[in-house]
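This report describes the fold, the nonpolar core and one helix of a protein chain. The sequence and the structure are shown first.

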Amino acid sequence: MTQTPEQVWEVFHQSARGEPHVHVGSVHATDADTAVLMAKEQFARRLACVNIWVVPSDAITETPYEDADMFEHGTDKSYREAFGYETTKRAKAVGDAAEL
């Protein structure tokens, strides 16, 4: 009888309906059903849980850390944020001058 090798399964946990699934850890199992059972015992026993996803680690594609430049912003969009405007500093300076 040949034994199926264990593989690593990543576990995602949902604490309430409508909430996002959050990665909580990984388990070693031979198949998906066993992975769900082990994930339930390990991650849903003490935490509120309504759903669990298990995904083989082999099925996940990641970006290499060497390609970190792909996450840099191409253009400066600070105008979309409140800190991008100089008016706050000017208004504070005018307000400070008016108090004198």
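Ala39 counts as buried because its relative accessibility is 0%, below the 20% limit for burial. The model under discussion is a predicted one. Ala39 lies in helix α1. Beyond its neighbours within four places in sequence, Ala39 is in contact with Val11, Val27, Ala44, Ile52 and Val54.

**Overall fold**

The chain contains 2 helices and 3 strands, and these follow one another along the sequence in the pattern β-β-α-β-α. Of its 100 residues, 15% count as buried. The accessible surface of the chain is about 8,500 Å², and carbon and sulfur atoms contribute 54% of that area. Among the contacts with a separation of 6 or more, 45% are between residues 24 or more positions apart.

**The nonpolar core**

Which residues form the largest nonpolar core? This core has 9 residues, namely Trp9, Val11, Val27, Ala29, Ala35, Ala39, Phe43, Ile52 and Val54. At least two of its residues come from each of β1 (7-14), β2 (22-29), α1 (32-43) and β3 (51-56). The largest share, 3 residues, is supplied by α1.

Val11 is another member of this core. With neighbours within four places in sequence left aside, the residues in contact with Val11 are Val22, His23, Val24, Gly25, Ser26, Val27, Ala39, Phe43, Ile52, Trp53 and Val54.

**Helix α1**

Helix α1 has 12 residues and spans 16 Å from its first C-alpha to its last, close to the 16 Å expected at 1.5 Å a residue. Ala35, Ala39 and Phe43 are the buried residues to note in α1. They lie on the same side of α1, because they cover an arc of only 35° around the axis. As a general rule, an α-helix has 3.6 residues a turn, so residues three or four places apart point the same way. The cover over the buried residues of α1 includes β1, β2 and β3.

Ala44 is located in the loop between α1 and β3. When residues up to four places away in sequence are not counted, Ala44 touches Ala39, Cys49 and Ile52.

Two C-alpha separations involving these alanines are listed below.

| C-alpha pair | Residues apart along the chain | Separation |
|---|---|---|
| Ala39 and Ala29 | 10 residues | 9.7 Å |
| Ala44 and Gln14 | 30 residues | 9.4 Å |

**Charged side chains**

How many salt bridges does a search of the whole structure find? The search finds 1 salt bridge. In a salt bridge, the side chains of Glu41 and Lys40 meet at 3.9 Å, N to O. This pair satisfies the criterion because its separation of 3.9 Å is within the 4 Å limit. In general, side chains of opposite charge can pair when their charged atoms come close.

Are the two partners buried or partly exposed? Glu41 has a relative accessible area of 40% and is therefore partly exposed. Lys40, at 46% relative accessibility, also counts as partly exposed, since partly exposed residues fall between the 20% and 50% limits.

Conventions
Residues numbered from 1 in each chain as written. Predicted model: local features only at pLDDT ≥ 70, side-chain atom pairs only at ≥ 80, totals over all residues. Heavy atoms only, no water. Core = buried A, V, L, I, M, F, W, Y, C linked by side-chain atoms within 4.5 Å. Buried < 20%, exposed > 50% of the residue type's maximum accessible area, 1.4 Å probe, protein only. Helix = DSSP H or I, 4+ residues; strand = E, 2+ residues; numbered from the N terminus. Contact = heavy atoms within 4.5 Å. Areas by Shrake-Rupley, 256 points an atom, 1.4 Å probe, with all protein chains shown as cover. Expected span 1.5 Å × (residues − 1). Arc of directions from axis to C-beta.
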